[in-house]
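This report looks at nonpolar packing and charged side-chain pairs in one protein model. The sequence and structure come first.

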Amino acid sequence: MASENPQITHSDSPADAIGRASATEREPNTADRFSFWIRPSARLNPFDIVAAEHLEGSHTYGLVTNIRHVTDAAGHLSNFISNDFGELVEEPNTPRQGANVADVSVLSNDKEIYMPVQSEARVRFAGEAGIHNALGIDSMAEKEQREGRTVRIPAGLIQMSNGSEAVAYLDVDYVLGPEAGHVNISGISGLATKTSYITFLIQSILQTVSAENIAVILLNVKYDDLLHIHEARPLTEDEKSLWEKMGLRSGPWQDDRVHYLLPWGKQTQTTGRPNSFGESIPPHRTYAYDLKTTAPKLDLLLSHVPDPWDTLGALIGEVSQGLQSNEPTWREIKTWQDLLSKPPLSENGTPKSFKNIAVSSVGRFLRLLRRAVQTRQSGVFVSQLSTRMTTIEAGIGEIKGGHTYVVDIARLTDVEQTLVFGDVLRTVYALYSGETGLATEDDLPEKVIIFVDELNKYAPSRGEAANSPIVEQVLDIAERGRSFGIILFSAQQFLSAVHPRVTGNAATKVLGRTDSAEVNEGNYRFLDKDIKMHLTRLDKGELILSHPIYRQPVKIRFPRPPFQQGRVKK
C-alpha cells in the first residue's frame, strides 16, 4: 500500500476558518495546548482535528478535547439578576456577550515548530493529509517508500464534523514487532463489539501485510460468535463503502484456511456433536484431555487454586514429572481414575503421604483434581484418546502461515477454559522458543497472532490468581513474545481488571464506551481528563484508538464483520 506522501495544502480564505486562537492572561496557550473561539456559524465536536496557522508559514495540528461557552458575566448570580431575579417571561435586562471556545491538545507541527500557537491565529478543520501529518501517519508512508515494504495497517476511519474523512493507520512495527507489540481492547460497548473490532483488525493485517507469514489463533469464548467466520454475511452499501474507503476487501475468511477445534462433550460419543453452542457446527476436529497428554499441564489445570506455601505446586511437580518420565512408581497410573484412586497417592480411597508431602496436602490435591476432571467437568476429560479425538498441542502444533485456527471454549467450565488457554499459549511458546520438536523453525510462520476475550479471567490484576502459572504464561507472552513473533490480541470489559504488566506491554490500546467509575482508575492516566469523560458517551461502533505513533488518542469508526457471528446473525 505504499504511496507518495500527499502534499499538505491549506486554503487561505477567511471563509474556511472556523475561529481564531485565543490566549488570555489567566489561560495562556502553551506548547502542548491552545484554545480558540468558534465563529457562530461553525459546528465542531470533541475529537475533531484542527489546523492553526503558525510561525514561518507552518501549521500546528491539534485534537479538540472539549468545547465550552463563556460570557462576560462575572458569575451565575449576574445572569440570574439580569433575568429579573429568575423570571423567565421577559428578555434579559442585560444581554450577555458570549462565545463558544474549544480546548485543543497539540498533536504536531508540520515544520517541527513547537512554540505556543499565537493569539488570533486562524484555525481550520484539518484535511486528510493534515490529519495524517498530525498523527504521524505521513512518516509511515515515508518509511514504506524508504524500506520498500508495507508499514501502514488500516485501523478505522476518522470522521470529522465537517464531513471530511481520513483513514487511521497503525505502524506494523508497533503492532507485530519489533518496536513494540500486542493490542488490547476494553469497554462495555455491547454485543460482540470488541470481538468485531479485533477480527476487523486481523483481517486488515492479513490483507495489507503478507498473510503467508502470519498465522492466527482465535479463542471463541462466547456462544458461537467465531464459529462461522468462513460464512459470508450480506453487507449494506454503507458497510461495503466503509471497507472500500480503507482500501480493504470485505469478505469472510477463506473456508479452506480456517480450522475449527471444538471440545469433546459428555454426549459426543453418542451424538457425534461437540460440546459447542449453535445449531450448525462447521467442519472441525474435536479435542479432549487424557491423563498422559495433560501431565505436563497439570499446573495449568489447578492454577486457579491459592497456594501460598507452594505445597500444591510441589506435589503437582512430582506427579507431572513422574508421569512424563514413566517412573516405576507411576507406571500403573494410566487414567484420571487411576491417579485419583491408586498408589502412590491413594489406596482404597484413602489419601497417602507422598515423599515429604503430608497426607492433608495430598488429600487436598485429590479433592481439587476430582472436582475438576470428574464431578464438575463438561466432558473434555477422557480416560484415553480415541481416533476421533485430537489435542490442542496436535491441533495447532503445525500451524501454517495464512491459516486461522479457532479454538472453542465457550461451553467449558472456568477451570477447563483456563487449561485450554494456557495450553494454547504454552504450545505456541514452546514452538517458537524451540522447546519442542513438533515443527522446525523453517516450518513456522514469522508471526502468530493469538486473540482471547475476557483476559481478566486468565490474568487478573488482583487476588491470589494474579500469581498463578497461567498468569506467568500470559506475562511471558506479553513481555517476551514479540521477540519470538508471538503477538497477543486481547479484550476485556474493564482495563483495570487485567494484570498491569499485560496491558502495559500492549503498545496499542483501543477503548470503547466505559463506565464512569472505571475511567477514574489509574490505568487510564494516559488519557486527557476530558477524553475520559467522552469515553462514557461513545456510541456503538465508535472507539478511541491509542497508538505509540499518535501523540493523542483519536476516535474511529470501523465496519461490521463481513462474516456470520452466530447469535448476532442478520
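The text below covers the cores and then the salt bridges of this predicted model.

The largest nonpolar core has 91 residues, and the members touching the most others are Phe 36, Ile 49, Tyr 197, Ile 205, Phe 489 and Leu 545. Helix α4 (residues 193–208) supplies the largest share of this core, seven residues. Another core, of 70 residues, lies apart from it and includes Leu 291, Phe 354, Leu 369 and Val 420.

Leu 545 has contacts beyond four places away in sequence, among them Ala 155, Leu 170, Tyr 197, Val 510 and Ile 556.

The whole structure holds 31 salt bridges. Three of them are listed here.

| Pair | Closest N to O distance |
|---|---|
| Arg 551 and Asp 32 | 3.6 Å |
| Glu 165 and Lys 245 | 3.1 Å |
| Arg 233 and Glu 239 | 3.6 Å |

Arg 551 sits in the loop between β20 (542–546) and β21 (554–557), and Asp 32 in the loop between β1 (19–21) and β2 (33–38), 519 residues apart. Arg 551 is partly exposed at 42% relative accessible area, and Asp 32 is partly exposed at 45%.

Glu 165 belongs to strand β8 (residues 165–171) and Lys 245 to helix α5 (residues 237–245), so their salt bridge ties together parts 80 residues apart in sequence. Glu 165 is partly exposed, with a relative accessible area of 25%; Lys 245 is partly exposed, with 41%.

In the third pair, Arg 233 is buried at 6% relative accessible area, and Glu 239 counts as buried at 12%. Elsewhere, salt bridges with shared partners join Lys 143, Glu 147, Arg 149, Asp 171 and Asp 173 into one network.

Terms used. Residues numbered from 1 in each chain as written. Heavy atoms only, no water. Core = buried A, V, L, I, M, F, W, Y, C linked by side-chain atoms within 4.5 Å. Buried < 20%, exposed > 50% of the residue type's maximum accessible area, 1.4 Å probe, protein only. Helix = DSSP H or I, 4+ residues; strand = E, 2+ residues; numbered from the N terminus. Contact = heavy atoms within 4.5 Å. Salt bridge = Lys/Arg side-chain N within 4 Å of Asp/Glu carboxyl O.
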